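Student: I should like to learn how to read strands, sheets and cavities in a protein model. May we take one feature at a time?

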Amino acid sequence: MRPCFAPWDYPSWRQTLANLIERWQAKLANLREAGRLRTLRIAKGADFSSNDYLSYAATPWPATSRDGTALARGGSASRLLRGHHAIWDEVESALAMWHGAEAALVFTSGYAANQGLLTTLIQPDDFVASDSLNHASIIDGLRLAGSRRFVYQHCDLEDLDRGLRAAPAQAERFIVTESLFSMDGDVAPLADIVSVAERHGAHVVVDEAHATGCFGALGSGLVNQLGLRERVLATMHTGGKALGVHGAYVCGPELMKQMLVNQCRHFLFTTALPPVVGSWWLDAITRVRDDDANRTKLHAATSLFRRTLASRGVQAAGSHYIVPVVLGDDKRAVEAAACLQSVGLDIRAIRPPTVPEGSSRLRIAIHANHDDALIVRAASQVAEAIACTA
Ligand SMILES: Cc1ncc(COP(=O)(O)O)c(C=O)c1O
């Protein structure tokens with residue numbers, strides 16, 4: 001038996017695939033030449049790159065429900081068919097209650113949730129204003145929704161207002177923004193965005209992927225912390241970041257949930273998450289609501305890191321536990337990251353197209369379990385790596 005199989009090992013296939021092979025080789029060669037070829041690497045060193053902000057990801061989640069009943073490890077079918085289980089009703093009620101929302105609906109990932117939510121809410125004759133640094137899943141969701149859209153300058157309220165003034169009179173209007181930006185570590189001026197929306201009769205959709213778990217008395221995110229729940233249409237949250245579980249969910253009105261259950265292709269045409277994952281969600285929700293201790297540690301570790309970096313003369317962007325140090329040049333960012341990895345710090349370079357051209361950076365993610373000694377060492381070594389590559 002052949003240990004592995006590449007179709008182009010066979011002369012007849014090679015001929016059929018010749019164009020594709022050429023196309024892929026050219027694309028990959030271009031990426032290599034531009035210093036943008038990505039490869040998969042096994043994680044090594046202290047974790048300053050994952051989104052495990054509250055350090056939950058290593059939790060050995062149980063394989064049973066709380067009463068000890070074994071739970072299926074396969075999703076089996078779409079939620080609308082045999083993929084729906086009582087545990088998902090429990091999870092969605094707990095999520096809605098946690099966020100003070102009327103309803104919640106679980107998706108298989110944040111990518112699917114954003115695309116599904118946006119394509120269900122927004123029709124081609126609507127008008128959408130979207131922050132220029134919104135995540136790819138939002139950009140792709142809006143492309144798929146096919147409405148007119150205006151990309152406003154990052155967090156720029158005047159530009160947002162200008163864009164909305166140009167919206168056709170009859171169009172339903174939406175504003176879509178992240179709350180804590182994933183690559184910039186800064187926070188959208190949510191209260192002001194909501195005020196602009198209200199002036200223009202626009203609906204606000206907030207992606208809370210990076211804020212969920214880490215802000216507010218119960219960790220339910222920035223929208224809740226700022227008391228804006230009743231003034232936004234919908235929020236999107238992922239489990240794969242601070243909550244340490246797989247999947248994502250959307251919070252909003254019950255009627256919107258009914259629309260999603262009936263019309264959202266990213267919900268309908270995919271296999272449900274396994275029920276055993278539902279039990280992890282219940283554990284994660286219970287844990288995170290009461291975990292002010294880890295939230296406090298996370299924010300304290302962030303302040304120490306940012307203070308230490310500043311004292312070593314390094315300017316970081318943003319203001320929270322996602323700490324970007326923008327170096328501009330791709331090669332410089334890659335070299336600085338390699339230097340940090342060689343001293344046991346898993347810090348990665350982020351390059352275009354993930355971030356805009358000319359803004360390659362180190363993206364450092366602080367976690368609740370980083371102790372003071374590690375934080376100070378990491379900040380000092382980041383400063384050294386930057387100086388070495390200058
Ligand atoms: C802002 C933002 N939204 C959505 C997603 C997608 O979430 P998930 O990883 O659960 O697909 C991400 C993940 O990188 C993200 O950063």
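Tutor: Let us begin with strand pairing in this predicted model. Strand β7 (residues 234-238) and β8 run antiparallel and are joined by 4 bridges. Within this pair, Thr 238 stands opposite Ala 248 in β8.

Student: How many bridges join β2 to β8?

Tutor: There are 5 bridges between β2 and β8, and these two strands also run antiparallel. Here Leu 105 is the residue that stands opposite Val 250 in β8.

Student: How should one read the two faces of a strand?

Tutor: In a regular strand, side chains alternate between the two faces of the sheet. In β8, Ala 248, Val 250 and Gly 252 lie on one side, with Tyr 249 and Cys 251 on the other.

Student: Are those residues of β8 buried or exposed?

Tutor: A residue is called buried when its relative accessible area is under 20%. By that criterion both faces of β8 are covered, since the residues on each side are all buried. With 5 of its 5 residues buried, β8 is therefore largely enclosed by the rest of the structure.

Student: Which residues line the second largest cavity?

Tutor: The lining consists of Ala 103, Ala 104, Leu 105, Val 250, Cys 251, Gly 252, Pro 253, Met 256, Lys 257 and Leu 260. Two or more of the lining residues come from each of β2, β8 (248-252) and α8 (254-263). By class, 8 are nonpolar, 1 is polar and 1 is charged. The volume of this second largest cavity is about 30 Å³.

Student: What is the volume of the largest cavity?

Tutor: The largest cavity has a volume of about 70 Å³. β2 (103-107) and α9 (265-268) each give two or more residues to its lining. That lining includes Trp 88, Phe 107 and His 266, and it divides into 6 nonpolar, 4 polar and 1 charged residues.

Student: In what order do the strands of the open sheet lie?

Tutor: The 3 strands follow the order β9-β12-β11, with antiparallel pairing. β9 (322-328) and β11 (348-350) are at the edges with a single partner strand each, so one side of each has no neighbour in the sheet. From one strand to the next, the twist averages 35°. β9 and strand β12 (residues 360-365) pair over 6 bridges, and Gly 328 stands opposite Ser 360 in β12.

Student: Which helices lie across these strands?

Tutor: Helix α11 (residues 292-311) lies across β9 and β12, at about 30° to β9. Helix α12 (residues 330-342) lies across β9, β11 and β12, and runs at about 35° to β12.

Methods:
Residues numbered from 1 in each chain as written. Predicted model: local features only at pLDDT ≥ 70, side-chain atom pairs only at ≥ 80, totals over all residues. Heavy atoms only, no water. 1 Å grid on protein atoms, 1.4 Å probe; cavity = no way out; pocket = protein on both sides within 12 Å on 5 of 7 lines; lining within 4 Å. Points joined across faces, edges and corners; volume = space filled by probe spheres on them. Nonpolar A, V, L, I, M, F, W, Y, C, P; charged D, E, K, R; others polar. Buried < 20%, exposed > 50% of the residue type's maximum accessible area, 1.4 Å probe, protein only. Pairing = 2+ DSSP bridges. Axes fitted to C-alpha atoms, helices over the stretch in contact; angles between N-to-C directions. Contact = heavy atoms within 4.5 Å.
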